[in-house]
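Subject: The structure, and some notes on it

Hi there,

Here is the structure I promised to pass on. Have a look at it first, and then read my notes below.

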Amino acid sequence: MGEEDGDPGPRDDTCCGGLCQKSCCVEYSKKRFPVVTWVPYYSIEKGSADLIAGVTVGLMVVPQSLAYAITADLPAVYGLYSAYIGAWTYILFGTSKDVTVGPTSIMSSLVASTANGDVPYAICLSLIAGLYMLILGMLEFGWVMWLISYPTLAGFTSAAAIKIAAGEIGDLVGIKDWSSEFVDVCVDVVTKYKLIRWTDAVLGFTCLTVLFLLWLLQKISAIRYNLELQEVGRSPMYYFWRSLWYVGLMRNIIVVLAAALLDYCLYVDDDTPFIVIGYIQPGLQTLDISVFQKFHDEWAKLLIDGLVIALIGLLEGLAIAKSFSKKNKYEINNSQEMVALGMCNIAGSFFQCYPVTGSFSRSSVNSESGVRTQFGGFWTGLVVVLCLLFLTKLFGYIPMAALAAVIIFAVVFMINFFIPYEMWKVRKLGTVSWVVTFACVLLLGIEYGIIAG
């Protein structure tokens, strides 16, 4: 008897009631939780490589997170909160072994221009931006991000870097009342130069010099240890240059801790020669949903600002993931990367984090350090957690000039004026797009620059 005779036919034993096969659901689960594809093949060899790379990146992310929180116009501790929650969440959902998620200079600058120092608003932005990212990823809209042209993105990056660096000049030379807007900074340079504190200025420029020398050491050491590896193999000289490479790599933590130690030594009778971060709340943050009351009063502004931050965060994160997947010859899923970044921000918003995305500098270090899987992010996050539990008292002595030097040195490499020149030879309209975006970001603001571009 057939179904038309009242017989229901063979029982459908598929997991979706006949809409798809079990294998389809298994594949979908693997797609949405990529962690299940590599955990069964994890080994001690991979674990040791992830440990080395994760700790290396962790020592790098701590001073950067403190500095980027200052760039976002938020208390420094929120940079540390955002660093480890993002790193841990990405382990479950990310498809790139090299990408490390956390605070970045551009995202911090966006938060500064939209939240204006309002911590609950910044945290709400993380939730809204995360939801946008998640929805776009679930709808398989990974291709949409490439509709934003390269000239627009290049012009935005260079202008944002200049804007960030200009906003840090005040901290570099010890001027407290310093603007973060480029036009206002130009005015401040002319009108406030007499407020420069010579102690902070000397420390700031010394830190910049040391950062440059350690960066130079890293580059020279990389060339030498690669030559040794090719010509002789893993000889004692290879390990010597490799060690120096690690010293150069750790330049941020070396400079920041050295400056903090100097301030501690000169700290007499509650008086310090430098402007410092000050008290940082020790311990880990707790689950907190009270900040979401911001939605009641400012939901319209949050939806608009969150969309801008989501788009920029996705552009930055996807570009990094794509770059390293090509370099190291493995596949990523653009839409799943959007889901991963969305989940990082959504999870972070419940634990007092501001918006995060992939970091190019830290991902580069992660790759160069030999990371094998996404589990390297666990060790990176653990370093941050240990710092929150045991080292916040020391961080209170970190001079603002040292953090400003770290930020300025990090963003200066993002500035590239050769791009519009090269584009002019090939596609003049691309140069126009670069110039318009660059000028609008500097003069009007980041959001207007992206729209204009």
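The notes below cover one helix, the aromatic rings and two charged side chains.

Please keep in mind that this is a predicted model.

Let me start with helix H18, which runs over residues 418-426. Which of its residues are buried? They are Ile419, Pro420 and Met423. Viewed down the axis of H18, the buried residues stay within an arc of 90°, so they line one face of the helix. They pack against two other helices, H7 (150-173) and H19 (428-443). On the face of H18 turned away from the buried side you will find the exposed residues Phe418, Tyr421 and Lys425.

Now for the aromatic rings. A search of the whole structure turned up 23 aromatic pairs. One of them joins Tyr78 and Tyr81: the ring centres are 5.5 Å apart and the planes stand at 85°, so this pair is edge-to-face. Both tyrosines belong to helix H4 (residues 77-93), where they are three residues apart, about one turn of the helix. An α-helix has 3.6 residues a turn, so residues three or four places apart point the same way. Are these two side chains buried or exposed? With buried meaning under 20% relative accessible area, Tyr78 counts as buried at 16%, and Tyr81 is buried at 2%.

Phe292 and Phe350 make another pair, with ring centres 5.3 Å apart and planes at 80°, so this one is edge-to-face as well. Here the pair links distant parts of the chain, as the two residues are 58 residues apart. Phe292 sits in the loop between helix H11 (251-266) and helix H12 (294-327), while Phe350 sits in the loop between helix H13 (334-349) and strand S2 (357-358). Phe292 is buried, with a relative accessible area of 15%, whereas Phe350 is partly exposed at 29%.

There is also an aromatic cluster to look at. Trp38, Tyr42, Tyr84, Trp88, Phe375, Phe378 and Trp379 together form one such cluster.

Finally, two charged side chains are worth a look alongside the rings. The charged end of Arg242 sits over the ring of Trp245, 4.7 Å from the ring centre. In a second case, Lys428 places its charged end over the ring of Trp424, at 5.2 Å from the centre.

Happy browsing, and do write back if you would like to talk any of this through.

Best wishes

How values were computed
Residues numbered from 1 in each chain as written. Predicted model: local features only at pLDDT ≥ 70, side-chain atom pairs only at ≥ 80, totals over all residues. Heavy atoms only, no water. Buried < 20%, exposed > 50% of the residue type's maximum accessible area, 1.4 Å probe, protein only. Helix = DSSP H or I, 4+ residues; strand = E, 2+ residues; numbered from the N terminus. Arc of directions from axis to C-beta. Contact = heavy atoms within 4.5 Å. Phe/Tyr/Trp six-rings, centres within 6.5 Å; stacked < 30°, edge-to-face > 60°. Lys NZ or Arg CZ within 6 Å of the ring centre and 35° of its normal.
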